[in-house]
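Trainee: I would like a close look at a single part of this model. Please take one element from end to end, with its side-chain pairs, its surface and its link to the remainder of the chain.

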Amino acid sequence: CSFDITRAFDKLMQVRCRDDPIIFGTRQVQEIEEISTLRASESFGSFGREVADFLQKEQQQVEREKSLLQARKDRMDAFLEKERRQNAFCVLAGSLSCA
């Protein structure tokens, strides 16, 4: 999850997750030099934790989709193997009318 840092008004900084703009954090900044020491994961309240949770959920969803895809592939492979064996049996039995 990448993030944007924007400066609003004079002393309010906001960081927002690009992938999920609902996740954001704000912080009052006293001096312009303080900006270079801010860390999105630590300086903006629960922002870092929320982004970590978001990324973990995204990764879990990717893993779930991979698992579902593999299960579909396995079912298709099993079906094709069954078809191959049935067709091989029909050829060996000499009957082309197997269905």
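Mentor: What follows is an account of helix H1 and of the parts of the chain that it meets in the core.

The model is a predicted one, and every value below is computed from it. The chain has 1 helix and 3 strands, in the order β-β-β-α along the sequence. H1 spans residues 47–93.

I begin with the core. The largest nonpolar core has 10 residues: Met13, Val15, Cys17, Ile23, Val29, Leu38, Phe44, Phe47, Val51 and Phe54. At least two residues of this core come from E2, and at least two come from H1. Phe54 is one of the core residues and lies in H1. Its relative accessible area is 15%, so Phe54 counts as buried, the cut-off being under 20%. Ile23, another member of the core, is 31 positions from Phe54 in sequence, yet the two C-alpha atoms are 8.8 Å apart in space.

Next, the strand side of that core. Strand E2 covers residues 12–17, and its side chains alternate between two faces. Met13, Val15 and Cys17 point to one face and are buried. These three residues of E2 are all in the core list. Leu12, Gln14 and Arg16 point to the other face and are not buried. E2 pairs with strand E3, residues 24–28, in the antiparallel sense over 5 bridges. Among the bridge partners, Gln14 is matched with Thr26 of E3, and Arg16 with Phe24 of E3. The two strands form a hairpin, with 6 residues between E2 and E3.

Now back to H1, to the stretch with the salt bridges. A search of the whole structure gives 4 salt bridges; three of them are described here. Side chains of opposite charge can pair when their charged atoms come close. Lys73 pairs with Asp77, with the closest N and O atoms 3.0 Å apart. Both residues are in H1, 4 residues apart, about one turn of the helix. Lys73 has a relative accessible area of 45% and is partly exposed. Asp77, at 35%, is partly exposed as well.

Farther along H1, Glu81 takes part in two salt bridges. In the pair with Arg84, the closest N and O atoms are 2.4 Å apart. Glu81 and Arg84 are 3 residues apart in H1, so about one helical turn separates them. In the pair with Arg85, the N to O distance is 3.0 Å. Glu81 and Arg85 are 4 residues apart in H1, so here too the separation is about one helical turn. Through shared partners, the salt bridges join Glu81, Arg84 and Arg85 into one network. As for accessibility, Glu81 is partly exposed at 28%, and Arg84 is partly exposed at 49%. Arg85 is exposed, because its relative accessible area of 56% is over the 50% cut-off.

H1 also contributes to a nonpolar patch on the surface. Phe79 belongs to H1 and makes this patch together with Met76 and Leu80; the area is about 300 Å². Phe79 has a relative accessible area of 46%, so the residue is partly exposed. Two phenylalanines of this helix can therefore be set side by side: Phe54 is buried at 15%, whereas Phe79 is partly exposed at 46%.

Last, the totals for the chain, as a setting for H1. Of the 99 residues, 15% are buried. The accessible surface comes to about 7900 Å², and carbon and sulfur atoms account for 55% of that surface. Among contacts with a separation of 6 or more, 26% link residues that are 24 or more positions apart.

Methods
Residues numbered from 1 in each chain as written. Predicted model: local features only at pLDDT ≥ 70, side-chain atom pairs only at ≥ 80, totals over all residues. Heavy atoms only, no water. Patch = residues over 30% accessible without salt bridge, like charges linked within 9 Å, V, L, I, M, F, W, Y side chains within 5 Å. Areas by Shrake-Rupley, 256 points an atom, 1.4 Å probe, with all protein chains shown as cover. Salt bridge = Lys/Arg side-chain N within 4 Å of Asp/Glu carboxyl O. Buried < 20%, exposed > 50% of the residue type's maximum accessible area, 1.4 Å probe, protein only. Contact = heavy atoms within 4.5 Å. Pairing = 2+ DSSP bridges. Core = buried A, V, L, I, M, F, W, Y, C linked by side-chain atoms within 4.5 Å.
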